[in-house]
Amino acid sequence: MITIRMALAIYTRSPAAYKALQSFEILKLPSKATMQAYTGAFMHAPGASNACIVDQVAQYVLFKEGCRKSGRPEPKSDGALIFDEVKVACQLMWNSRNHQLMGLAMTSKDMASLNDIYRILQEPEASQTSYILQFLWRDLTSSYDIVGPYYTSAASVEAKFVVACVFETIKLFQHHGIRTRVLVCDGGSTNVATIKASHGCHGAYSMKGDGDDRFEVEPWMINPYDPPNKIFWMICPSYQLKNMVNALFSSKEGGTKQFKRGKCKEFGWKAITDLYKRELARVHNNKARMVPRLREAHCLRDSWTET
């Protein structure tokens, strides 16, 4: 049986595609009304307020009771708090000099709502938003997710803003009996500064506190709302992998980076291309490949494959 989360992933991407899948009757999909109820359940105001998660916490409690009654392991209310920033994309291109419409990414139905938007622009609560910081709590002992609060920012997100939002969100979930054990984010400069700030540090300094090695860290902090329990920081593995591939690619001949530490042998993108050449030689000599999944597209990267 398909889960609500899988159905939502399809419905939010394309309601028309979801309707088409329903018509095939291959999968038992929830009704359109159910999907609309779920997608409309999280339309709450920005900020850490009880209204944004109280209904979801109640559903989580029912989920825990259902697990216990069915004999399955009961979730322990310990989870990972995931957050990421999203830039608000402009859907309208307007030339303010000649007052002409240059292009748009909106349907005629969306355009009809611009009149309503114009009417509320003069209201005090109508604030400019360029970035949104969204939180999601994921249970570590089950597959349950709780969509957390979101925060808006008129300018680019700074570390002090992220720190305040992180602690407010941890406090909100802790108030409802939902514990945060891990904080997950990407490895952008703002988030790295946030991690350092949670240790009371900034700049290129050790986060361990008792050493001078800036590469030696203790990636955890004491939960201020649930001492002495710790909250561990985790950089998103997919982000780390992308950074590693891009860094290696920058070490190619004529690139901007070079990997060499002390008297160690140089390494970088050349090692990957040399490995691929040896693989081709093995195939030419009718020998088994050492790295069967290594392909030409992995070595000869272009603008389509760099990200």
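In the predicted model, Cys185 of strand β6 has Ile235 in β8 as its bridge partner. Strands β6 and β8, the latter spanning residues 230-235, pair in the parallel sense over four bridges. Strand β6 also pairs with strand β1 (residues 78-87); these two strands run parallel and are joined by five bridges. In the pairing with β1, Val182 of β6 stands opposite Ala80. Strand β6 covers residues 179-185, and six of its seven residues are buried, so the strand is largely enclosed by the rest of the structure. In a regular strand the side chains alternate between the two faces of the sheet.

Ala80 belongs to strand β1. With a relative accessible area of 7%, Ala80 is buried, because the cut-off for this class is under 20%. Besides standing opposite Val182, Ala80 lies 6.6 Å from Leu140, C-alpha to C-alpha, although 60 residues separate the two along the chain. Another contact between separate parts of the sequence involves Ser130, which is placed in the loop between α6 (114-120) and β4 (131-139). The C-alpha atoms of Ser130 and Val88 are 5.3 Å apart, while the two residues are 42 positions apart in sequence. Ser130 has a relative accessibility of 16% and therefore counts as buried.

Six salt bridges were counted in the model. One of them joins the side chains of Asp78 and Arg181, with an N to O distance of 3.1 Å. This pair links distant parts of the chain, since Asp78 is in strand β1 and Arg181 is in strand β6, 103 residues apart. Asp78 and Arg181 are both buried. Arg181 forms a further salt bridge with Asp226, in which the closest N and O atoms are 3.7 Å apart. Here too the pair links distant parts of the chain: Asp226 is in the loop between β7 (220-222) and β8, 45 residues from Arg181 in β6. Arg181 and Asp226 are both buried. Through salt bridges that share partners, Asp78, Arg179, Arg181 and Asp226 are joined into one network.

The loop between β7 and β8 also contains Pro228. The peptide bond from Pro227 to Pro228 is cis, with omega near 0°. Positive phi values occur at Ser77 and Asn286. Most residues other than glycine have a negative phi, and most peptide bonds are trans. Ser77, which is not a glycine, has a positive phi of about 65°. The residue is located in the loop between α4 and β1, and a relative accessible area of 4% places Ser77 among buried residues. Asn286 likewise has a positive phi, near 60°, and is a residue other than glycine. Asn286 lies in the loop between α10 (269-284) and α11 (296-299). Its relative accessibility is 73%, so Asn286 counts as exposed.

Helix α4 consists of 16 residues (residues 54-69), which at 1.5 Å a residue should span 22 Å; the end C-alpha atoms are 23 Å apart, in agreement with that expectation. The buried residues Gln56, Val57, Tyr60, Lys64 and Cys67 are found in α4. These residues cover an arc of only 100° around the axis, and therefore lie on the same side of α4. The face turned away from this buried side carries Asp55, Leu62 and Lys69, which are exposed.

A salt bridge is also formed between Arg68 and Glu74, the closest N and O atoms being 3.3 Å apart. Arg68 counts as partly exposed, at 44% relative accessibility. Glu74 is partly exposed as well, with a relative accessible area of 30%. Both residues of the Asp78-Arg181 pair, by contrast, are buried.

On the surface, Phe24, Ile26 and Leu27 form a nonpolar patch, with about 350 Å² of accessible area together. Ile26 is placed in the loop between α2 (15-24) and α3 (32-39). With a relative accessibility of 69%, Ile26 counts as exposed, because the cut-off for this class is over 50%.

How values were computed:
Residues are numbered from 1 along each chain as its sequence is written. This is a predicted model: local features need pLDDT of at least 70, side-chain atom pairs count only at pLDDT 80 or more; totals for chains, interfaces and linings use all residues. Side-chain values use heavy atoms; hydrogens and water are left out. Patches are made of residues with over 30% relative accessible area and no salt bridge: like charges are joined within 9 Å, nonpolar side chains (Val, Leu, Ile, Met, Phe, Trp, Tyr) within 5 Å. Accessible areas come from the Shrake-Rupley method with a 1.4 Å probe; for residues, only the protein chains shown count as cover. A salt bridge is a side-chain nitrogen of Lys or Arg within 4 Å of a carboxyl oxygen of Asp or Glu. Buried means under 20% relative accessible area, exposed over 50%, partly exposed in between (1.4 Å probe, protein chains only). Two strands pair if DSSP finds at least two bridges between them. The expected span of a helix is 1.5 Å times one less than its number of residues. The arc is that of the directions from the helix axis to the C-beta atoms.
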